[in-house]
Amino acid sequence: MAGEGNRIINLVKFAESLGIIVNIGKNKANGNKGFFKAIGSQYRIDISKTLTESERLSVLIHEITHYIHHKYDKSLKSLDFIFNNCADDYEDELINLTIS
């Protein structure tokens, strides 16, 4: 679908404007659908070459979310920057979503 392709292009441009290197369809993303990697001040997102265009869009959004989480909490163990007094059960579930 052409619309999703345009969304992916725009989202890649946005990620690159943040200084993230984005590789779509160039590798198998370490055996995952997608992969976010941070080494020092360098960031990279790989999206697996085995995904459909529709899957690529949702996985790219997911991986950019890892980047945002990492910028606020390098340990990826807290969502306090979003929810100051979040109930523990909700926080645990949200963290599980962002680190899996």
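A residue counts as buried when its relative accessible area is under 20%. Keep that cut-off in mind, because Phe 36, at 15% relative accessibility, falls on the buried side of it. Phe 36 will turn up more than once in this tour. One caveat before going on: what you are looking at is a predicted model.

Let's start with the overall layout. The protein has three helices and three strands, and reading along the sequence gives you the pattern α-β-β-β-α-α. There are 100 residues in the protein, and 35% of them count as buried. If you take the contacts between residues at least 6 apart in sequence, 40% of those join residues at least 24 apart.

Now zoom in on the largest pocket. Rolling a probe the size of a water molecule over the atoms shows where empty space is left. The volume of the largest pocket comes to about 180 Å³. Its lining is made up of 12 residues, and the ones nearest the centre are Gly 34, Phe 35, Phe 36, Glu 63 and His 66. Strand 2, covering 34–39, and helix 2, covering 53–72, each put at least two residues into that lining. Strand 2 is the biggest contributor, giving five residues. Sorted by class, the lining holds four nonpolar, six polar and two charged residues.

Glu 63 is worth a closer look. Glu 63 sits in helix 2 and is among the residues nearest the centre of the largest pocket. Its relative accessible area is 5%, so Glu 63 counts as buried. What does Glu 63 touch, once you leave aside its neighbours within four places in sequence? The contacts are Gly 34, Phe 35, Phe 36, Ile 45 and Ile 47. Take Ile 45 from that list: Ile 45 and Glu 63 are 18 residues apart in sequence, yet their C-alpha atoms are 6.6 Å apart in space. With Phe 36 you can pick out a particular pair of atoms, since the backbone nitrogen of Phe 36 lies 3.2 Å from a polar atom of the Glu 63 side chain.

From Phe 36, it's an easy step to the aromatic rings. A pair of aromatic rings is described by the distance of the centres and the angle of the planes. Searching the whole structure turns up three aromatic pairs. In one of them, Phe 36 and Tyr 43 are stacked, at 6.2 Å centre to centre with 10 degrees between the planes. Tyr 43 has a relative accessible area of 7%, so this ring's residue is buried too. Tyr 43 also pairs with Tyr 67, this time edge-to-face, with 5.1 Å between centres and 85 degrees between the planes. That second pair ties together distant parts of the chain: Tyr 43 is in strand 3 (residues 42–47) and Tyr 67 is in helix 2, 24 residues apart. Both Tyr 43 and Tyr 67 are buried. Put the ring pairs together and you get a cluster of Phe 36, Tyr 43 and Tyr 67.

Next, move to the loop between strand 1 (20–24) and strand 2, where you'll find Lys 33. Is Lys 33 buried or exposed? Lys 33 is exposed, because its relative accessible area of 52% is over the 50% cut-off. Even so, Lys 33 has contacts: not counting residues up to four places away in sequence, Lys 33 touches Asp 46, Ile 47, Ser 48, Leu 51 and Val 59. Lys 33 and Leu 60 are 27 residues apart in sequence, with 9.3 Å between their C-alpha atoms.

That loop has one more thing to show you, and it's in the backbone. Most residues other than glycine have a negative phi, and most peptide bonds are trans. Ala 29, which lies in the loop between strand 1 and strand 2, has a positive phi, near 55 degrees. Asn 30 is found in the loop between strand 1 and strand 2, and its phi is also positive, near 55 degrees. Where do Ala 29 and Asn 30 part ways, buried or exposed? Ala 29 is at 0% relative accessibility and therefore counts as buried, whereas Asn 30 is exposed, with a relative accessible area of 54%.

Definitions and conventions. Residues are numbered from 1 along each chain as its sequence is written. This is a predicted model: local features need pLDDT of at least 70, side-chain atom pairs count only at pLDDT 80 or more; totals for chains, interfaces and linings use all residues. Side-chain values use heavy atoms; hydrogens and water are left out. On a 1 Å grid over the protein atoms alone, a cavity is a set of points where a 1.4 Å probe fits but cannot get out, and a pocket is an open set with protein on both sides within 12 Å along at least five of seven lines; lining residues have an atom within 4 Å of a point. Grid points are joined across faces, edges and corners, and a volume is the space filled by probe spheres set on the points. Helices (H or I, at least four residues) and strands (E, at least two) are DSSP runs, numbered from the N terminus. Ala, Val, Leu, Ile, Met, Phe, Trp, Tyr, Cys and Pro count as nonpolar, Asp, Glu, Lys and Arg as charged, and the others, Gly among them, as polar. Buried means under 20% relative accessible area, exposed over 50%, partly exposed in between (1.4 Å probe, protein chains only). Contact means heavy atoms within 4.5 Å. A polar contact is a pair of N or O atoms within 3.5 Å; within protein, one must be able to donate a hydrogen and the other to accept it, and residues adjacent in sequence count only if both atoms are side-chain atoms. Rings of Phe, Tyr and Trp (its six-membered ring) pair if their centres lie within 6.5 Å; planes under 30 degrees apart count as stacked, over 60 as edge-to-face and the rest as tilted.
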